[in-house]
Amino acid sequence: MEIVETLSNIVEVGAENEQEALLKAQHMYRNEEVVLYPDDFIDTKFNIFE
């Protein structure tokens with residue numbers, strides 16, 4: 001059984017294009033400038049493996 005929880009938070013990022021925005025957001029997340037909390041909870045899924 002796999003349990004997958006989804007957390008989501010919208011973050012504003014100033015960038016020239018989507019690629020630059022993605023890289024900035026990834027950098028912010030990795031450096032803990034953006035942290036997802038239990039209040040950001042969206043969904044839980046249960047996947048069965050056989």
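How many Å² does the protein chain expose, and what share of it do carbon and sulfur atoms supply? In this predicted model, the exposed area of the protein chain comes to about 4,700 Å², of which 51% is supplied by carbon and sulfur atoms. Buried residues, by contrast with this exposed surface, account for 6% of the 50 residues in the chain.

The overall dimensions of the chain were considered next. The radius of gyration of the protein chain is 14 Å, whereas a compact globule of 50 residues would have a value near 10 Å. Measured out along its principal axes, the C-alpha trace spans about 45 × 25 × 15 Å.

The secondary structure of the protein chain consists of 1 helix and 2 strands, and these elements follow one another from the N terminus in the order β-α-β. Where residues at least 6 apart in sequence are in contact within the chain, 72% of those contacts join residues at least 24 apart.

Within this arrangement, Asp 40 lies in the loop that runs between helix 1 (18–30) and strand 2 (41–47). The residue Asp 40 is buried, yet it has no salt bridge, and the nearest side chain of opposite charge, that of Arg 30, is 18 Å away. A salt bridge would require a side-chain nitrogen of Lys or Arg within 4 Å of a carboxyl oxygen of Asp or Glu. When neighbours within four places in sequence are left aside, the contacts of Asp 40 are with Thr 6, Leu 7, Ser 8, Asn 9 and Val 35.

Definitions and conventions: Residues numbered from 1 in each chain as written. Predicted model: local features only at pLDDT ≥ 70, side-chain atom pairs only at ≥ 80, totals over all residues. Heavy atoms only, no water. Helix = DSSP H or I, 4+ residues; strand = E, 2+ residues; numbered from the N terminus. Buried < 20%, exposed > 50% of the residue type's maximum accessible area, 1.4 Å probe, protein only. Lys, Arg positive; Asp, Glu negative; His and termini not counted. Contact = heavy atoms within 4.5 Å. Rg over C-alpha atoms; globule rule 2.2 N^0.38 Å. Areas by Shrake-Rupley, 256 points an atom, 1.4 Å probe, with all protein chains shown as cover.
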